[in-house]
4 protein chains.
Amino acid sequence: MTATGTPSLAELRDEVAAANRRLASAGLVSLAFGNASGIDRDAGIVVIKPSGIACGSVRPEDLIAVGMADGMTVAGTLRPSSDTPTHLALYRRFPSIGGVAHTHSTEAAAFAQAQLPIPCLGTTHADHFDGPVPVTRALTQAEIGGSYELETGLVIAETIDRLGLDPLAMAAVLVASHGPFTWGATATDAAVHAEAVELVAAIARRTLALAPDAPPVGESLQRRHFSRKHGPSAYYGQGRDRHGETG
Amino acid sequence: MTATGTPSLAELRDEVAAANRRLASAGLVSLAFGNASGIDRDAGIVVIKPSGIACGSVRPEDLIAVGMADGMTVAGTLRPSSDTPTHLALYRRFPSIGGVAHTHSTEAAAFAQAQLPIPCLGTTHADHFDGPVPVTRALTQAEIGGSYELETGLVIAETIDRLGLDPLAMAAVLVASHGPFTWGATATDAAVHAEAVELVAAIARRTLALAPDAPPVGESLQRRHFSRKHGPSAYYGQGRDRHGETG
Amino acid sequence: MTATGTPSLAELRDEVAAANRRLASAGLVSLAFGNASGIDRDAGIVVIKPSGIACGSVRPEDLIAVGMADGMTVAGTLRPSSDTPTHLALYRRFPSIGGVAHTHSTEAAAFAQAQLPIPCLGTTHADHFDGPVPVTRALTQAEIGGSYELETGLVIAETIDRLGLDPLAMAAVLVASHGPFTWGATATDAAVHAEAVELVAAIARRTLALAPDAPPVGESLQRRHFSRKHGPSAYYGQGRDRHGETG
Amino acid sequence: MTATGTPSLAELRDEVAAANRRLASAGLVSLAFGNASGIDRDAGIVVIKPSGIACGSVRPEDLIAVGMADGMTVAGTLRPSSDTPTHLALYRRFPSIGGVAHTHSTEAAAFAQAQLPIPCLGTTHADHFDGPVPVTRALTQAEIGGSYELETGLVIAETIDRLGLDPLAMAAVLVASHGPFTWGATATDAAVHAEAVELVAAIARRTLALAPDAPPVGESLQRRHFSRKHGPSAYYGQGRDRHGETG
């Protein structure tokens, strides 16, 4: 930690590398799909996985540092992830977030391809996401043909904004025909939310197979579970370092 | 063992820690959802996982000891699992049980979210549970807004009582929109039943996909299998330490 | 090997222990469901897993030796698997088989619970089983209430006989509401067939989800694949020790 | 590398052995189904797995070398994979490919058994395959009864040709009632495509379960994703050694 309580760049690299490896160890990435990043807000620097490197083997020194505003590389010789413009768009639009993750994990990608939000059918979901996990509209031809990765970030932000959501209470969006993007206060939280969105999608798919009209959890149960772990009245965990754990 | 044949507190801690780790090694817990506990009935002390600690890494000395009657911590510095009041309610209502476990395992959680009991469709189920695994009614707004975790335990007990079940013959209940709680004579048995309820839910979902009207096993087959392993005429295993094994 | 080319009892113990461990390492057994055995036809002795011991940890010296004709233990101090009478019935009725295995593996058990044969929908199936894998009729009340495990073996044999099948060409039967029993020339082959029946059930369930009217493979393709690996014109593998491998 | 930039035979053996092991480590092969090969175009030699050897344990020195034109063994004492004539047919018909792989992986085999192409429902698919992954027609009785493995290769080539596809842009075909064959510029690429076809089949099956009428991705999104990684305007990865990685 620096004197101001924000992590140093070395600490940020350590955390972002660990978040990338967590995506792999949690079984969320095949064929090296997927990436995680973190931001140093004071410096305006985003640290992200290089393109074409498997998440499971990312070391702190492999990461590429780019400017949040312009995307220019400030450290590292490899090309940053091709999804970098998506990450940067999210950091610019959501000042409260400190990390972003992206996977093509199977269950969440299926909802994205079906262009359906993941309904909030139980407390596993409510513990992590304050309502259904939304899906974006399809990108337009112009958006696809233009700055595609940037537009992907913008349509995620548009989805959160259109629904009036707080990005820290709904830290995941499914990009239509693509897959989940998640974020959080830190890169670790972003990876935890990538794990959570896959888990709730997996349970939701099975629930809908058993009961196509399964009811969403009521407002009161949803609120109770979400507030057990988040916000001023949280009573879950040991007071800090909760990172999505429950129990 | 103490002179009275009940385990010492140190033995209880060892068993409860192992039961928590078993939930993890059996693949039943993601994101550190889940917890297991055990009770020393003579002392009225329940030993349980701390909140926010992953099941897979629980050591005996990490566990928190709380009074069964009042839930006050008697040993340990961390906060006990936020589900502790649920466990305590079960210990108070079911004097025959010695351990409790809770997971959000995917297949069992899907039945819980669908608010459907797991039908007894085969001998895998009948070996472990003496009939369909029931699902609770939904909690009321008042229950959710009040002592939520305590009410969760009460609605589980209500479900067992309403159906006139012996808690050692039906050692699992699905909490509606939530997930499975299981128990048994020991913490190990509770963990075994957590594994069993996931397995039978997994097979049941696949069975219903193949044959939506698949018939429940007949009474005689159900009774035969359950009594092979449980009760006075059991002939499975080596006479003790059966812990759910078959074969 | 002995002078007559049959394995010694020590070799049989090694193979049967390995077959039990293979059931575990292939992910076919949870909660220690499952067991494998092998027979010394010259001596009339069957070597089988003890009851209540996990498949994954079976050592040669753990196995119990029982007489094929009477089921009396001739070596070992533990109780043999409670399914021993089923195994013995199969050895008595099918003189060509040298090993038997039993699991509750999820995908095959689902077909058993649905009381549906596994249709032969592709070459993976045809490589191992010469037609649909049959399911038994339900046991009668009298059979369940009587010598249940023996009757289980008899209804398997009845199923093979009723369909006019060669037990080495159809080395698996699903017991209704229960799960798969498999066999083969050796205990290793029995374990391979346990793996094969789970694999073909897994693919069949997914196929039927995509195309409920998916056609069975034609007679000529089925015959071609089965005879690639079995019988006088087999040209797969290295001439011996094929044990279900392909490719 | 040799002076001409093509790999030496020793390098080819190393790569082909690694490709076979990758099929195993990626969970694509059970019971030793599956095989991978690579070709030395200058020498007209194909290096392939021996029949009946598990993919996971293939060493470079185990591989069999056969002539592309006549299939005669030029190095190695074991019998080559029984699927060798299929591989050779593909090498003869597609001069641009350098490696071939074959598995019975569960999700892709289900589409093959359902005799349905895998629709292009998302960017995971579009990143790897330039359109739906096609399924062959069923083989005729004459083809099955004749040079079956050769005919399997011919019907794959016929499928690619009938649809007017470039084999490097559609590096997979599902053989009806059988399973996927994949290929690529190298044996490594062929194995990557085997992994990719299983992944996209897994997501597609789940998508169709959630939304039976899920729309294929539009032409522009498909083209954008495929061309991010393939062809002259690719901007993904570090410029070489991309091997299907993304992110």
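## Close-ups of a predicted four-chain model

**View 1. Chains A and B meet through different surfaces.** Only 3% of the interface residues of chain A are also interface residues in chain B, so the two copies don't use matching patches to meet. This is a predicted model, so read every close-up here with that in mind. Turn chain A by 90 degrees, with 0.0 Å of shift along the rotation axis, and it lands on chain B with an RMSD of 0.0 Å. For a landmark by that axis, look for A:A209: of the residues of chain A, its C-alpha comes closest, at 5.6 Å.

**View 2. The interface of chain A and chain B, with its salt bridge.** Each side puts in its share here: 36 residues from chain A and 36 residues from chain B make the contact. Together the two chains bury about 3100 Å², and 55% of that is on carbon and sulfur atoms. How many salt bridges cross between chain A and chain B? Just 1 turns up by the rule. The partners are B:E107 and A:R206, whose side chains meet at 3.1 Å, N to O.

**View 3. Chain D against chain A, and the turn that relates them.** Here a rotation of 90 degrees, again with 0.0 Å of shift along its axis, puts chain D on top of chain A (RMSD 0.0 Å). That's the relation of a four-fold axis. In chain D, the residue that comes closest to the rotation axis is D:A209, with its C-alpha at 5.6 Å. The surfaces don't match up in this pair either: only 3% of the interface residues of chain D are also interface residues in chain A, so the copies meet through different surfaces.

**View 4. The interface of chain D and chain A, up close.** Chain D brings 35 residues to this contact and chain A brings 36 residues. About 3100 Å² gets buried between them, with carbon and sulfur atoms giving 55%. The rule finds 1 salt bridge across this interface, and the side chains that make it are A:E107 and D:R206, 3.1 Å apart, N to O.

**View 5. A:E107 and A:R206 inside chain A.** Stay on A:E107 for a moment, since this residue also forms a salt bridge with A:R206, the closest N and O atoms being 3.4 Å apart. A:E107 sits in helix α3 (residues 106-114) of chain A and A:R206 in helix α7 (residues 187-210) of chain A, so this pair ties together parts that are 99 residues apart in sequence. Over all chains, the structure holds 44 salt bridges.

**View 6. Helices α1 and α7 side by side in chain D.** Helix α1 (residues 9-25) of chain D packs on helix α7 (residues 187-210) of chain D at an angle of about 10 degrees, and their axes are 8 Å apart. The two helices are therefore roughly parallel to each other. From α1(D), the contact takes D:E15, D:V16, D:A19, D:R22 and D:L23, and from α7(D) it takes D:A187, D:T188, D:A191, D:V192, D:A194 and D:E195. Sorted by class, that makes 7 nonpolar, 1 polar and 3 charged residues.

**View 7. The pairs that don't touch.** Which chains stay out of contact with each other? Chain A and chain C do not touch, and their nearest C-alpha atoms are 11 Å apart. No contact joins chain B and chain D either; their closest C-alpha atoms also lie 11 Å apart.

Notes:
Residues are numbered from 1 along each chain as its sequence is written. Chains are lettered from A and ligands numbered from 1 in the order in which they are written. This is a predicted model: local features need pLDDT of at least 70, side-chain atom pairs count only at pLDDT 80 or more; totals for chains, interfaces and linings use all residues. Side-chain values use heavy atoms; hydrogens and water are left out. Copies are superposed by least squares on the C-alpha atoms of residues with pLDDT of at least 70 in both. Contact means heavy atoms within 4.5 Å. Axes are lines fitted to C-alpha atoms, for helices over the stretch in contact, and angles run from 0 to 180 degrees between N-to-C directions. Helices (H or I, at least four residues) and strands (E, at least two) are DSSP runs, numbered from the N terminus. Angles under 35 degrees count as roughly parallel, over 145 as roughly antiparallel, 65 to 115 as roughly perpendicular and the rest as oblique. Ala, Val, Leu, Ile, Met, Phe, Trp, Tyr, Cys and Pro count as nonpolar, Asp, Glu, Lys and Arg as charged, and the others, Gly among them, as polar. Buried area is the accessible area (1.4 Å probe) that two parts lose on being put together, summed over both. A salt bridge is a side-chain nitrogen of Lys or Arg within 4 Å of a carboxyl oxygen of Asp or Glu.
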